[in-house]
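Dear colleague,

I am handing over the structure we spoke about, and below it I have set out what was found in it. Please read the notes with the structure open beside them.

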Amino acid sequence: MKKFVLLLFTAMLIVVLSACGETEADGEIDKIVLADAGWDSIRVHNSIAQKIIEEGYGIDTEVTSGSTAATFQGLTEGDINVYMEVWTDNIKEIYNEALDEGDIEKVSVNFDDNVQGLYVPTYVIEGDDERGIEPMAPDLKTVEDLKKYPELFADPAEPDKGRLINAPSGWAVEKAITEKMDAYGLNDTFVNFKPGSDAAIVTSLTDAINAGDAWVGYYWSPTAVTAKYDLTLLEEPEYDKEIYDETKATAFPPNDVVVAVYKDLPDKAPELVDFLSNYETSSALTEEALNYMEENGASPEEAAMWWMEKHEDIWTGWVPEDIAKKVKESM
């Protein structure tokens, strides 16, 4: 009986140890999930990272699309492994909370030379001799100056008010623009129009420019839009943290756009995180890929491959030589 119990115990111990080994193996990363929060630059950076991860490190990738709030929550909960463009100041509270709680890790600054705010086509202020457009608002310089010109930006549904195109509903920055409108006293003269997507903003802007009409709305750089069109960023008071935190009535703060990962990735895929820790571009470099998309009707994936071919000296410095060799051979 004792021998039987001993044999049974030994068999159970082997099963437990085997199970532990399987768990450890199952804990290794066999697929990396990246976030797509709805704009082209994050899609380009996703595509660059995917090419390197799949061909260089032999790990499958997948992209999860959604709003900023939804995808960032996915990162904090581990449903998403990598976020290539976290606009940190746009989601300052939840970003800092996630860092403090240890749910995520910031591994690099992708770029930090970006701007965002309310733009108008430059011809609205200066006119355009080539197109025969006279200046419509020659003294329009600041966001607050918009109160003088509601009829110029007339809203189709409420023509006695102007239409200000906000960021898409669900984007964190939409709330900041809404607060700015209140702080600058624009709600009496402007409709706070919240489009459903980035594409809706671009369509609205492009239609206005093609017609030579006035337009005012939110956008940011780096984008293909700000590279292609002559736009003027309306001025706001210099950034002041105390005022901005209270009313948003200053320029947007400097915004580090970082690469962040779920907390377990450094342990599960340290070599991959080493690569992501070296990932660094700039607004100008990013805008090159976005320009290529715009001018060639290319997809983010095609633009990423074009960018990697043009800037081999940059991305090969992010990874070891053997990894770079594998990626180059796959191209």
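Does aspartate 245 count as buried, partly exposed or exposed, judged by its relative accessibility? At 39%, aspartate 245 counts as partly exposed. Before I go further with that residue, please keep in mind that this is a predicted model, and that the values below are computed from it.

Overall picture

The protein has 331 residues, of which 47% count as buried, and its secondary structure comes to 15 helices and 10 strands. Taken along the principal axes, the C-alpha atoms fill a box of roughly 100 × 45 × 35 Å. Among the contacts in the protein with a separation of 6 or more, 71% are accounted for by residues 24 or more positions apart. The protein exposes about 16,400 Å², and carbon and sulfur atoms supply 49% of that area.

Charges and salt bridges

The protein carries 25 positive and 68 negative charges, and the mean positions of these two sets are 5 Å apart. A negative surface patch is formed by Glu28, Asp30, Glu54, Glu55 and Asp60. One of these residues, glutamate 54, has its place in helix H2, which spans residues 40-57, and glutamate 54 is partly exposed, with a relative accessible area of 33%.

The count of salt bridges comes to 18. To return to aspartate 245, this residue forms a salt bridge with lysine 92, and the closest N and O atoms of the pair are 4.0 Å apart. Aspartate 245 lies in helix H9 and lysine 92 in helix H4 (residues 92-101), so the salt bridge ties together parts that are 153 residues apart in sequence. Lysine 92, like its partner, is partly exposed, with a relative accessibility of 27% for lysine 92 and 39% for aspartate 245. The two residues also belong to a network of salt bridges in which Asp89, Lys92, Lys241 and Asp245 are linked.

Two further salt bridges may be worth a look. In one of them, the side chains of arginine 163 and aspartate 155 are joined, with the closest N and O atoms 2.6 Å apart; arginine 163 counts as partly exposed at 22% relative accessibility, whereas aspartate 155 counts as buried at 2%. In the other, glutamate 144 meets lysine 147 at 3.4 Å, N to O, and here glutamate 144 is partly exposed at 40% relative accessibility, as is lysine 147 with a relative accessible area of 33%.

A buried lysine without a salt bridge

Lysine 51 is found in helix H2, the helix that also holds glutamate 54. Lysine 51 is buried yet has no salt bridge, and the nearest side chain of opposite charge, that of glutamate 55, is 4.1 Å away. The cut-off matters here, because a salt bridge requires the nitrogen and the carboxyl oxygen to be within 4 Å. Leaving aside its neighbours within four places in sequence, lysine 51 is in contact with Gly56, Met305, Met308, Val327, Ser330 and Met331.

Backbone features to check

Most residues other than glycine have a negative phi, and most peptide bonds are trans. Against that background, the peptide bond from serine 221 to proline 222 is cis, with omega near 15°, and proline 222 lies in the loop between strand S8 (217-221) and helix H8 (224-228). Lysine 248, a residue other than glycine, has a positive phi near 70°. Its place is in the loop between helix H9 (241-247) and strand S10 (257-262), and lysine 248 counts as buried at 14% relative accessibility.

Around leucine 290

Which residues does leucine 290 touch, not counting those up to four places away in sequence? They are Asp40, Ser41, Val44, Pro222, Thr223 and Ala224, and so the list includes the proline of the cis peptide bond described above. Leucine 290 is found in helix H12 (residues 283-296) and counts as buried, with a relative accessibility of 2%. The C-alpha atoms of leucine 290 and isoleucine 52, which are 238 residues apart along the chain, are separated by 19 Å.

With best regards

How values were computed: Residues are numbered from 1 along each chain as its sequence is written. This is a predicted model: local features need pLDDT of at least 70, side-chain atom pairs count only at pLDDT 80 or more; totals for chains, interfaces and linings use all residues. Side-chain values use heavy atoms; hydrogens and water are left out. Helices (H or I, at least four residues) and strands (E, at least two) are DSSP runs, numbered from the N terminus. Buried means under 20% relative accessible area, exposed over 50%, partly exposed in between (1.4 Å probe, protein chains only). Contact means heavy atoms within 4.5 Å. Accessible areas come from the Shrake-Rupley method with a 1.4 Å probe; for residues, only the protein chains shown count as cover. Lys and Arg count as positive and Asp and Glu as negative; His and the chain ends are not counted. The place of a charge is taken as NZ of Lys, CZ of Arg, CG of Asp or CD of Glu. Patches are made of residues with over 30% relative accessible area and no salt bridge: like charges are joined within 9 Å, nonpolar side chains (Val, Leu, Ile, Met, Phe, Trp, Tyr) within 5 Å.
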